[in-house]
Amino acid sequence: MSVFITSTGHFLPGPAISNEEMEPILGLVHGKPSRLRRRILQSNGIQQRHYAIDAEHRTLFSNSDMAAKAVEDCLANSFIGKPQLTMLSAATSQGDMVLPGFGSMVQAELQLADVELHTSHGICSSSMMALKAAYTGILAGEHRAAMVVASELTSRLFKARRYEMAGAELDFNAEFLRWMLSDGAGALLLESNPRAGCFRIDWIRGFSHADAYPVCMSVGQAPNESRSWQDYPSYAEAEAAGALLLRQDVRVLDAIVKLGGDGYLRLIAQGLIQPEAIDHVLCHYSSHYFKGKIFDMMQRAGVGLAEDKWYSNLYQRGNTGCASIFIMLDEFRRTQSYRPGDTILCMVPESGRFNTVYMQLTVMD
């Protein structure tokens with residue numbers, strides 16, 4: 001039994017937003033321009049991205065809206081329709097609601113009937129965990145067609161007023177991701193039978209290091225606090241303490257490169273990756289800053305992958321969290337040159353508490 005990605009799709013809300021347009025949309029915190037924006041943008045290399053909110057901070061597309069539109073785009077390019085889908089596997093860092101699960105909301109939006117449902121919650125690698133759930137469902141012979149969708153709507157967390165309500169002076173860890181993340185959704189159709197030009201999934205493997213590393217990216221704790229936002233007497237007090245801000249602990253962030261490299265070397269040792277046989281590399285690095293570090297680490301280990309094999313749309317589409325790898329794969333499939341028999345290595349490092357997922361694809365005739 002094999003599993004094939006037979007169609008892909010994506011949705012990016014609104015027009016592309018340039019670096020100079022970001023702050024007018026997200027808003028000035030306490031009426032002052034950011035002192036860090038240019039520095040962070042210079043490091044991440046992103047030139048444009050998309051937001052699902054407007055300058056009045058109205059939400060133009062909900063997270064489940066975007067996910068549904070990506071699924072519809074995927075189905076429009078496929079050989080089947082909604083009635084043939086028997087599984088929906090969805091991923092996001094934060095749904096529109098705390099409960100119920102994101103998958104339920106997307107299913108309702110799509111009006112899909114009688115499907116097995118899976119929701120994967122996490123950060124960047126949650127899309128790959130959702131993909132593996134659908135992949136194993138087909139391998140087990142329980143499904144013939146499954147839809148996997150990942151969607152992120154982070155811009156709502158970056159409204160100026162949210163930082164102002166936190167009360168304290170805006171610190172680097174709280175502001176960092178404001179200039180890194182944006183919105184979008186991607187979808188993959190998995191089938192048990194191949195189609196023309198599809199990608200066979202050879203394997204998917206992940207390595208989590210939550211047992212050994214502290215939290216690096218989070219929402220739900222105030223700085224220097226161990227209690228959850230739910231432990232405060234009121235939601236207002238949690239917000240005032242800064243517990244609802246999206247934070248990145250940049251002091252430990254560089255560990256993502258080492259751990260991603262360790263997993264890559266482990267898969268070589270296991271015989272799953274043969275560097276000389278890889279034709280294309282799709283790596284969800286969150287910032288241009290990390291591309292050079294990942295590339296150099298592989299070269300020093302003697303198992304590098306030539307730079308002309310690497311494909312990324314980070315600079316034009318932005319960092320859309322867990323949706324990034326699906327949007328990247330969709331754009332690669334539509335715009336890049338590849339041949340039957342080519343192998344594609346996908347890598348998704350996540351800094352939440354350090355989890356990295358790898359996947360190898362083979363282009364079918």
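A salt bridge is a side-chain nitrogen of Lys or Arg within 4 Å of a carboxyl oxygen of Asp or Glu. The structure is a predicted model, in which local features need pLDDT of at least 70, side-chain atom pairs count only at pLDDT 80 or more, and totals for chains, interfaces and linings use all residues. Residues are numbered from 1 along each chain as its sequence is written, and side-chain values use heavy atoms, with hydrogens and water left out.

**Exercise 1.** Find the salt-bridge partner of Glu191 and say how exposed each residue is.

*Solution.* Start with the pair: Glu191 bridges to Arg195, with the closest N and O atoms 3.0 Å apart. Next, apply the accessibility classes: buried means under 20% relative accessible area, exposed over 50%, and partly exposed in between (1.4 Å probe, protein chains only). Glu191, at 5%, is buried, whereas Arg195, at 26%, is partly exposed.

**Exercise 2.** Work out the class of each residue in the salt bridge between Arg200 and Asp202.

*Solution.* First, the closest N and O atoms of this pair are 2.8 Å apart. Then take Arg200: its relative accessible area is 28%, so Arg200 is partly exposed. Asp202, with 22%, is also partly exposed.

**Exercise 3.** Is Arg251, which pairs with Asp249, buried or exposed?

*Solution.* Arg251 and Asp249 form a salt bridge whose closest N and O atoms are 2.9 Å apart. Arg251 has a relative accessible area of 72% and is therefore exposed. Asp249, at 14%, counts as buried. Elsewhere, Glu20, Glu23, Arg37 and Arg38 are joined into one network by salt bridges that share partners.

**Exercise 4.** How many salt bridges does the rule give?

*Solution.* Applying the rule gives 17 salt bridges.
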